[in-house]
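Reader: I should like to look closely at one part of this structure, namely its interior. Could you describe, in one connected account, what is found there?

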Amino acid sequence: MHRVTSSNNTSGSTRHRKEKRLTYVLNDHCAGINCLSVLKSAPPNGCDYLFTGSRDGTIKRWALNNTEASCSATFESHVDWVNDAVLAGNTLVSCSSDATVKMWNSLSDGACTRTLRQHSDYVTCLAAAEKNSNIVASGGLGGEVFIWDVDAALSPIAKPVDTTEDKISNGNDGHPLSSLCCSNADNNMSIHNSQSHGYSPIPAKGHKESVYALAMNDSGTLLVSGGTEKVVRVWDPRTGSKKMKLKGHTDNIRALLLDSTGRLCLSGSSDSMIRLWDLGQQRCVHCYAVHTDSVWALASTPTFTHVYSGGRDLSLYLTDLSTRESILLCTKEDPILQMALQDDSIWIATTNSSVDRFPAEVHNPQKIFQRGGSFIAGNLSFTRARASLEGSAPVPVYNKPYFTIPGNLGIVQHEILNNRRYVLTKDTAGSVKLWEITKGVVIEDHGKVSFEKKKEELFEMVSIPAWFTADTRLGCLSIHLDSPQCFSAEMYAIDMNIPGAQDDVKINLAQETLRGLLAHWMAKRSQRKGSPISSNGDVATEKDVSIRNLSHSKLEVDDGAENSKSGMLPSFEFSTVSPPSIITEGSHGGPWRKKITDLDGTEDEKDLPWWCINCVLNGQLPQRENTKCSFFLLPCEGSTVPVITQGKLSAPRILRMNKVISYVMEKMVLDKPLDGGSSDATIVLGVSMTKTQVPSSGVKQSMKSWPKLMPSIDILCNNQVVSPEMSLATVRTYIWKKPEDLILNYKVVQTR
């Protein structure tokens, strides 16, 4: 996913400054579930909660009641994949590919309480101490491992700081620091508006490559880490000091577990092996060849006698660590990413957006082995692979889960259509849908049809500038707006079925989309400031948009682009039932994400890009390029029709051919002698004039002077008659097809 960045303009430089991007995301929890975490609730409520972190950047909290699960909150602030989430008491800690660690009140409505910006790259994994809710560790692709003091990280800022700086030296700034706080300078922690915070975590330095797995014992006195270096590193999280390094795996380490005492460690690797380490002896005591591909997830029984394992081979196994007996619990259609135990069941997360629950007999796993079908795990990684090839693959105990939390279908393919308002998508089930991105809704579900054929069916011969980009990295449509490019596309309001729109009125697609996205923000802002609301429901602009002066030196037969004011037309309406989220950043801090209905009107240029604010509040658009199309307007070769223009003309790109026809007609009619002379008589060439200079009554009066013959004008390009509904840009793109200035020809067709 695109990271929102900017390059500041240096003093006195004329180089164009890269503006901050605004992205809006349609739909959520429609991508793979990367992480699971269960919160056991105390009586009398008795309701457990399951937290699911998705590749779409959101975390959901599910209230679990027997065979029911209801979403009670959505935690939304990350702007990229959520890679892991753990519970430290009632504090939910999450990490993301946006290089941040975030803290939340797990029982709240989903508001982020702190954003920690210490990592230099994707944060891939977390570890928490079950009996010490004050300690959390994080690791990432930058090779960094940090140990966080949760209380210190969440403590309020003791004194005002310069919010223009992202970094602040540490010291005792008035709030109590626990024993885990260190006095490292150069920390980078903030809430979403990037206020700095005087605390730095303890670094565990030693990894030279990416870290993919972490685990901590219950008391928080031992930490293990693993990654692409293929070794298990052991740390003292209280000081960040290295204790030992364990070698044995031949590929990346992807999952780690520690028993409650910190004596035994389990590791799962991309070499398909599970290894049991005795940290006291500093050696591997057992190897388990259970899987045929990478092991990505591990979970153990409370007594650490059995391990559940899953991974890329789509299989979930239960293995007795002492007897080496193993049994296949189930197989999935997608790779298994994470697991979480709840009572006597196990939750399974995969690259699919749904989460399944299977029986696990956590407190008495031997009951599962009594069903039969078990095998003895080998010592070598190729053992299970060879058995699978020989046709002796085990039969799963469970064919289907007894409960599923369904997710939304992720989008795997998309195509922006020529009209630059519709996007065709295909989801994981093969269903093809048509989205109108200016309203954020699906306007037609075509079902399971050929994506390519449907794209051909929906092709329109229109040419509209690419005013947005799109991607589906989050499993849903993300629409990116970059200034000033996003303001390059205009359309006639009447073509968009805007009620009461006049023929010549044009609207800017990005401006109206922004007004729709920020309508709730504008309404809240208006309530705070007491600003009036316009008759069409829009917030009145703070500054009217001045009508640009028309240039009479060029052909301006359509002045619609020049006369629109913000507030004249209703904004595009986005759903408030399933509202899109915006991802952006302002002048301070890093990117942030919120539902458009969660904006409270307090956000300003520190939070939102100034060009967005200037557009929706002041109606001001940045200077744009290539909004005009230059062309020549000449009689057809061999025609007796007079030349009515000289030199090159210029008009808006979306100018329709029927406007050019009207222009030609007006010129010919006004310049024709009204004394009944021949229609083939020479017409005196007048000066080029705009439509506003040609009174409609004069045209009608002149037309009455031709009672016998009414001329009809055809416009041609490359000897092809063009449709009156085509725009200059469309003719240039699909008929002219040359880099040189467009040449249009006209001829008169006499009709009774």
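Author: A cavity is a set of points on a 1 Å grid over the protein atoms alone where a 1.4 Å probe fits but cannot get out, and its lining residues have an atom within 4 Å of a point. This is a predicted model, in which local features need pLDDT of at least 70 and side-chain atom pairs pLDDT 80 or more, while totals for chains, interfaces and linings use all residues. Residues are numbered from 1 along each chain as its sequence is written, and side-chain values use heavy atoms, without hydrogens and water.

There are 3 cavities of 30 Å³ or more, a volume being the space filled by probe spheres set on grid points joined across faces, edges and corners. The largest has about 60 Å³. Its lining consists of Pro-465, Ser-488, Ala-489, Glu-490, Thr-627, Arg-653 and Ile-654: 3 nonpolar, 2 polar and 2 charged residues. Because domain 2 (411-526 + 572-618) and domain 3 (627-669 + 709-751) both contribute to this lining, the largest cavity lies between them; the bounds come from an automatic or database domain assignment.

The interior also holds nonpolar cores, sets of buried (under 20% relative accessible area, 1.4 Å probe) nonpolar residues joined through side-chain atoms within 4.5 Å. The largest core has 45 residues, and Tyr-24, Leu-481, Leu-514 and Trp-521 have the most contacts inside it. Two or more residues each come from β1 (22-26), β37 (477-481), α5 (509-517), α6 (519-529) and α7 (610-618); α7 gives the most, with 6. Leu-514 touches (heavy atoms within 4.5 Å) residues including Leu-22, Phe-487 and Trp-611. Apart from this core lies another of 30 residues, among them Phe-631 and Leu-728.

Technical notes. On a 1 Å grid over the protein atoms alone, a cavity is a set of points where a 1.4 Å probe fits but cannot get out, and a pocket is an open set with protein on both sides within 12 Å along at least five of seven lines; lining residues have an atom within 4 Å of a point. Ala, Val, Leu, Ile, Met, Phe, Trp, Tyr, Cys and Pro count as nonpolar, Asp, Glu, Lys and Arg as charged, and the others, Gly among them, as polar. Buried means under 20% relative accessible area, exposed over 50%, partly exposed in between (1.4 Å probe, protein chains only). Helices (H or I, at least four residues) and strands (E, at least two) are DSSP runs, numbered from the N terminus. Lists of a residue's contacts leave out its neighbours within four places in sequence.
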